[in-house]
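User: Pick one spot in this model and give me a close look at it. Then walk me outward from there to whatever else is worth a glance.

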Amino acid sequence: MHTTKVYGEIGIDNDLYKNLTDPDFSVRHSVFRVLADRYNSYASTERFATQLPVERKQALRVAFVRALAERQDGRTAQALIRVLDDDTDEVREIAARTLGEIGNAAAIGPLRAVRSDPVATVRFAVISALAALQDTATINTLLASFDESVPEPDRMVIVHAAGSWIEPTTSTLLSGIAANDGSAAVRKSAERVLDLHAKAADCASEVRPELADVLLDPTAPGRPVIAEALSQVRDPAFDAIFAAVLGDRDVRIHRAALGFLRHADTAVARRGLVAGLVDKRSHVCAEVLEVVETIDHPEMTGALRDMLRTTPPALSWYLMSCLAIQRTQRDLIADEVTDYVLGQAQWFGGPKGPGLSAGWAVVDARTERVLTRLLAEITDSDLSMDRRGLATTILRELVTPRTRSKHDLPVLTMVEPITVALRDPAYDSTPSGRSARENLVFILGELGTESVRRPLLDLLGSPELAAWELEVVVARCAPDFVGPFLRLLDNPSCLAPRNRPHSYKTMLTALYPFLASDPHVESCVRRFFARTDDPDAEMAASMLGWDLRPAGEDDDYEDYDDYEDHEDEDD
């Protein structure tokens, strides 16, 4: 349970996803609770969808399907279809309703197959989903089969569903029901649908404000029809209405609102769009982002900055991405985004946390302005390692080819503080510190100047050295790595236990060219294999196809430090 708590604080690791299949229900449930908070996480949504059909515990199946309903991600449709016949009524009901909200036409056939579910609430959800998917054939068939054998609540739901479109056959059937149904409530509902359809058809020539009130009522029939009709009117009086229904669970209403707000040049519309960037459903955020990216207006920048101040980090990624591309108030944006991200280090930081995504936003906002701030963060011993580590993650993004192609970096200015940070033992004392150290090593390797050689060679005395860190040293410090590598072979305790054979292989491969040209190197390497009983070293030699048994008279030097003394004599 402690592991789950740590993951929740510092980010998501692949091992956490694996724990969703743990045999212990309490572990699976704890992991779910951590992942469920990450509303915009594509990876966690995919894991929930994969696990839902095979989860044994009813309580967790319900939790999974609720989480998927909250996110409305189109990629989860197949998982939801698979549980339409689940033993649990709530799972079937939520799955059916969510399939309609997602808008995936592939669900129409499976939904038709379960429209006679014995549980009323599930039947209602299936009918509503088919209406949302505009399955006019099925709804018209149900309208035509109205008689006393169909329960009144079912007839009410079917009439309500028929309000989702204007179509001649549907209108004719509704007119018959309004005139002849044995239930006054059903007749009244059919009359209301027909009335709303008539008003929606006329609203282009005669604006009817009362339709806007209907649009705000989630229980009203015909809302998609009304939304689509009103969105064509382009009346500023509707700005607040469409801002309120942006992100509606009915995808037709949401997209009608988005299309309306795209063309509305008012502060109300712009703030409505910004609010859509922090929706819990990633597909809503992504669609709104496409619209906001096309709007270059100072008021949009101000609305984005105001929203950032009150947005929890779990919902902030799209907001920061949009801030990063604004052309006005660049310095303020850089400062505020940097403050926001670093101030939420527990959320954004960690070796597998979303810090890199946050880093993109910070980097794109204003590289020159944030660089000095980040370099100061990594050397400030008063800050938590979470915060310093997050600064290294963002700095790492600065030196990637994608970013460097857009910005000129003061390379020499960066090397000195990174070197100071690598000498700080705090970067070697904890897993998060070592992860931050890996970022710093990566940065030095990418900078690739002469000035990075000494700090990289000094690194070889650090604990938990990873194989890829050794590869950076090989790439940037040849041939100066020979002596330090020989010392590591003499005392390999610094090597990280994980993937140690690869560490040995990296060093031995790097030393290989010197075996033939320098007998001292060959002597040291042969002595290493003569003395070691480390199976990882033997595995590395086997991977390389080496046979380095002792050569008898190669024992010319007492220890590996003599290699450097010998080099001095040669000089």
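Analyst: Let's start at Gln-72: its relative accessibility is 3%, so it counts as buried, the cut-off being under 20%. Keep in mind throughout that this is a predicted model. Gln-72 sits in the loop that links helix 5 (58-71) to helix 6 (77-82). Its backbone is the odd bit: phi is positive, about 50 degrees, even though Gln-72 isn't a glycine. For context, most residues other than glycine have a negative phi.

What about the packing in this stretch of sequence? There's a core of 60 residues, separate from the largest one, and its members include Leu-60, Ala-67, Ile-81 and Leu-143. The largest nonpolar core has 115 residues, with Phe-485 and Val-525 making the most contacts inside it. That fits a general habit: in soluble globular proteins, nonpolar side chains tend to be buried together.

Now set Gln-72 beside another non-glycine residue with a positive phi, Arg-234, where the angle is about 60 degrees. Arg-234 also belongs to a loop, this one running between helix 15 (223-230) and helix 16 (239-245). Its exposure goes another way: at 40% relative accessibility, Arg-234 counts as partly exposed, because that class lies between 20% and 50%.

Helix 15, on one side of that loop, is worth following a little further. Its axis and that of helix 17 (residues 251-262) come within 9 Å and cross at roughly 10 degrees. Helix 15 and helix 17 are therefore roughly parallel to each other, since angles under 35 degrees count that way. On the helix 15 side, the residues in contact are Arg-223, Pro-224, Val-225, Ala-227, Glu-228 and Leu-230, and they meet Arg-252, Ile-253, Ala-256 and Phe-260 of helix 17. Sorted by class, that contact has seven nonpolar residues, three charged and no polar ones.

There's one more backbone oddity, and this time it's in the peptide bond: the one from Ala-478 to Pro-479 is cis, with omega near -5 degrees. Pro-479 lies in the loop between helix 32 (467-477) and helix 33 (482-490).

How far to trust all this? The chain averages a pLDDT of 83, and 86% of the residues score at least 70. Two stretches stay under 50: residues 1-12, with 30 contacts beyond four places in sequence, and residues 552-560, with 19 such contacts.

Notes
Residues are numbered from 1 along each chain as its sequence is written. This is a predicted model: local features need pLDDT of at least 70, side-chain atom pairs count only at pLDDT 80 or more; totals for chains, interfaces and linings use all residues. Side-chain values use heavy atoms; hydrogens and water are left out. A nonpolar core is a set of buried Ala, Val, Leu, Ile, Met, Phe, Trp, Tyr and Cys residues joined through side-chain atoms within 4.5 Å. Buried means under 20% relative accessible area, exposed over 50%, partly exposed in between (1.4 Å probe, protein chains only). Helices (H or I, at least four residues) and strands (E, at least two) are DSSP runs, numbered from the N terminus. Axes are lines fitted to C-alpha atoms, for helices over the stretch in contact, and angles run from 0 to 180 degrees between N-to-C directions. Angles under 35 degrees count as roughly parallel, over 145 as roughly antiparallel, 65 to 115 as roughly perpendicular and the rest as oblique. Contact means heavy atoms within 4.5 Å. Ala, Val, Leu, Ile, Met, Phe, Trp, Tyr, Cys and Pro count as nonpolar, Asp, Glu, Lys and Arg as charged, and the others, Gly among them, as polar. pLDDT is the predictor's confidence in each residue, from 0 to 100.
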